[in-house]
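User: I should like to learn how to read the features of a protein model, one at a time. Please give the general idea in each instance and then the case at hand.

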Amino acid sequence: MGWTVILEDYRGNEIKKLSKEFTPTSFAHLESEKFKTLRYIDPYDDTTFNSIMCKELVSDLNELWKDESADVRKQIEEILELTSACMDEPHTYVKFYGD
């Protein structure tokens with residue numbers, strides 16, 4: 001179980017997609033109070049981040065990166081690229097598609 005993570009335009013068209021499904025080592029620790037955004041990503045539904053929300057998402061992803069395996073770290077780095085593009089381009093969104 002994991003998320004398909006996509007950078008989309010305002011119409012929902014894919015701009016760029018994570019190379020494979022994002023699967024953290026543990027989903028339980030994502031619910032920690034230390035995460036401002038990650039704890040709200042629903043593994044069974046879709047979650048959308050706009051450019052303002054991506055600023056907090058970046059902070060959470062950097063924190064998560066510290067505790068993850070090398071493989072998951074690579075995925076986090078890819079998501080950080082998507083969030084950067086989202087913050088640079090108006091009317092774009094980072095979307096996590098759950099199972």
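User: Does glutamine 75 count as buried or exposed, and at what relative accessibility?

Analyst: This is a predicted model, and the values that follow are computed from it. The general idea is to compare the relative accessible area with a cut-off: under 20% is buried and over 50% is exposed. Glutamine 75 has 4% relative accessibility, so it counts as buried. This residue lies in helix H2. Beyond residues up to four places away in sequence, glutamine 75 touches Leu18, Lys20, Glu21, Phe22 and Thr23.

User: Which residues does isoleucine 79 touch, not counting residues up to four places away in sequence?

Analyst: Isoleucine 79 touches Val5, Leu18, Phe22, Leu61 and Phe96. Its place is also in helix H2, and its relative accessibility is 0%, so it counts as buried. Separation along the chain can be set beside separation in space: isoleucine 79 and serine 19 are 60 residues apart in sequence, while their C-alpha atoms are separated by 9.8 Å.

User: How many helices and strands does the protein chain have, and what pattern does it follow along the sequence?

Analyst: The chain comes to 2 helices and 4 strands. Read along the sequence, these elements give the pattern β-β-β-α-α-β. The radius of gyration is 12 Å, close to the 13 Å that the globule rule gives for 99 residues, so the chain is as compact as a globular protein of that length. Along the principal axes, the C-alpha atoms fill a box of roughly 30 × 25 × 25 Å.

User: What percentage of the residues count as buried, and what share of the contacts links residues 24 or more positions apart?

Analyst: Of the 99 residues, 36% count as buried. Among contacts with a separation of 6 or more, 66% are between residues 24 or more positions apart. The chain exposes about 5,700 Å², and carbon and sulfur atoms supply 48% of that area.

User: How does one read the pairing of strands, and in which sense do S1 and S4 run?

Analyst: One asks which strands are joined by bridges, how many bridges there are, and in which sense the strands run. Strand S1 (residues 4-9) and S4 run antiparallel and are joined by 6 bridges. Within this pair, aspartate 9 has threonine 92 as its bridge partner. S3 and S4 also run antiparallel, with 4 bridges between them; there, valine 94 of S4 is the partner of phenylalanine 49. S1 further pairs with strand S2 (residues 14-17) in the antiparallel sense over 3 bridges, and isoleucine 6 has lysine 17 of S2 as its partner.

User: Which contacts does threonine 92 make beyond its neighbours within four places in sequence?

Analyst: Threonine 92, which lies in strand S4, is in contact with Leu7, Glu8, Asp9, Ile15, Asn50, Ser51, Ala85 and Cys86. Its side chain reaches the backbone oxygen of cysteine 86 at 3.2 Å. The relative accessible area of threonine 92 is 7%, and the residue is therefore buried.

User: What is the distance between the end C-alpha atoms of helix H1, and why does it agree with what the helix should span?

Analyst: The general idea is to compare an expected span with the distance in the model. Helix H1 (residues 51-65) has 15 residues, which at 1.5 Å a residue should span 21 Å; the end C-alpha atoms are 21 Å apart, so the two agree. At the N-terminal end, asparagine 50 caps H1, with a side-chain oxygen 3.0 Å from the backbone nitrogen of isoleucine 52.

User: Which residues of H1 are buried, and what do they pack against?

Analyst: An α-helix has 3.6 residues a turn, so residues three or four places apart point the same way. In H1, the buried residues are Cys54, Leu57, Val58, Asp60, Leu61 and Leu64. They pack against strand S3 (46-49), helix H2 (70-88) and strand S4 (92-97).

User: Where is histidine 91 found, and what value does its phi take?

Analyst: Most residues other than glycine have a negative phi. Histidine 91 has a positive phi near 60° and is found in the loop between H2 and S4. Its relative accessibility is 55%, so it counts as exposed. A positive phi near 90° is taken by glycine 12, in the hairpin of S1 and S2, which has 4 residues between the strands.

Note on methods:
Residues numbered from 1 in each chain as written. Predicted model: local features only at pLDDT ≥ 70, side-chain atom pairs only at ≥ 80, totals over all residues. Heavy atoms only, no water. Expected span 1.5 Å × (residues − 1). Buried < 20%, exposed > 50% of the residue type's maximum accessible area, 1.4 Å probe, protein only. Contact = heavy atoms within 4.5 Å. Polar contact = N/O pair within 3.5 Å; in protein donor to acceptor, adjacent residues only side chain to side chain. Pairing = 2+ DSSP bridges. Rg over C-alpha atoms; globule rule 2.2 N^0.38 Å. Areas by Shrake-Rupley, 256 points an atom, 1.4 Å probe, with all protein chains shown as cover.
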